[in-house]
Amino acid sequence: LKEVKPEIISTDTNTISSLFKTTADDKIITIENDFVKLELSSLGANIKKYFVKKFNNWYSVDEEPGQNIEKNSAQLINYSRGDGFDLAFVTSDGKAVNTSTLGFEPSTQKNYYKLSGEETLNLSFTFTTTYGSKIIKRFNFFGDKYSFDTDIELVSMNNHISNNAYDLVWESGIRFVEENSVDEATYSNASAFYGDEQVILD
């Protein structure tokens with residue numbers, strides 16, 4: 001995460017919270033590569049669905065992997081329980097903000113991309129306040145990887161966030177995809193890495 005601190009912006013506490021109100025429509029952008037098919041939502045600038053094409057759901061084990069992806073392939077995001085990859089913070093006038101409710105503007109008008117091999121795709125989503133402050137989420141996708149790169153940039157937000165403190169939030173967790181969820185939970189975990197140090201989160 002990068003914090004950019006250019007000019008000082010007015011901090012009238014009667015209007016700070018209103019900076020984060022949004023009426024933007026939700027736009028879905030679908031990206032498919034050799035291994036995954038995913039949906040990005042402009043509401044919160046989040047991954048909404050993430051299908052792994054070479055692995056079927058347990059109830060579709062007899063189907064050919066990669067065929068009828070939305071029905072048969074394992075989908076990892078538990079979107080019905082909330083978003084993943086959000087920022088949460090308290091404004092300088094004491095109001096809680098979660099970026100999952102903010103309408104971001106995507107850098108593209110297209111709604112579908114197909115990548116393969118060494119092809120890459122860079123997309124960004126920008127939420128702009130009425131004072132011109134910005135929250136920018138960037139994604140870099142690859143044609144031949146399950147993973148993607150991402151970063152979040154805060155532009156002129158230092159006067160709007162209390163104590164310049166924020167949390168990176170993943171409310172929904174990872175969706176169980178095996179028939180026996182107890183066994184799956186026993187032999188799986190969610191981890192974060194600080195350099196070479198692994199921290200098991202769940």
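**Salt bridges and burial in a predicted model**

Modeller: In this predicted model, a salt bridge brings together the side chains of R138 and E153, with 2.6 Å from N to O. R138 belongs to strand 11 (residues 134-142) and E153 to strand 12 (residues 149-155), so the pair ties together parts that are 15 residues apart in sequence. Salt bridges with shared partners also join R138, D151 and E153 into one network.

Colleague: What makes the contact of R138 and E153 a salt bridge?

Modeller: The definition asks for a side-chain nitrogen of Lys or Arg within 4 Å of a carboxyl oxygen of Asp or Glu. The N to O value here is 2.6 Å, so the contact of R138 and E153 qualifies as a salt bridge.

Colleague: Why is E153 called buried?

Modeller: Buried means under 20% relative accessible area. E153 has 12% relative accessibility and therefore counts as buried.

Colleague: Why is R138 called partly exposed?

Modeller: Partly exposed lies between the cut-offs of 20% and 50%. Because its relative accessible area is 28%, R138 is partly exposed.

Colleague: How do you know that E32 forms a salt bridge with K53?

Modeller: The closest N and O atoms of E32 and K53 are 3.0 Å apart, and the limit is 4 Å. E32 lies in strand 2 (residues 28-32) and K53 in strand 4 (residues 46-56), so this pair ties together parts 21 residues apart in sequence.

Colleague: Are E32 and K53 buried or exposed?

Modeller: With the cut-off for buried at under 20%, E32 counts as buried at 9% relative accessibility. K53 is buried too, because its relative accessible area is 12%.

Terms used
Residues numbered from 1 in each chain as written. Predicted model: local features only at pLDDT ≥ 70, side-chain atom pairs only at ≥ 80, totals over all residues. Heavy atoms only, no water. Helix = DSSP H or I, 4+ residues; strand = E, 2+ residues; numbered from the N terminus. Buried < 20%, exposed > 50% of the residue type's maximum accessible area, 1.4 Å probe, protein only.
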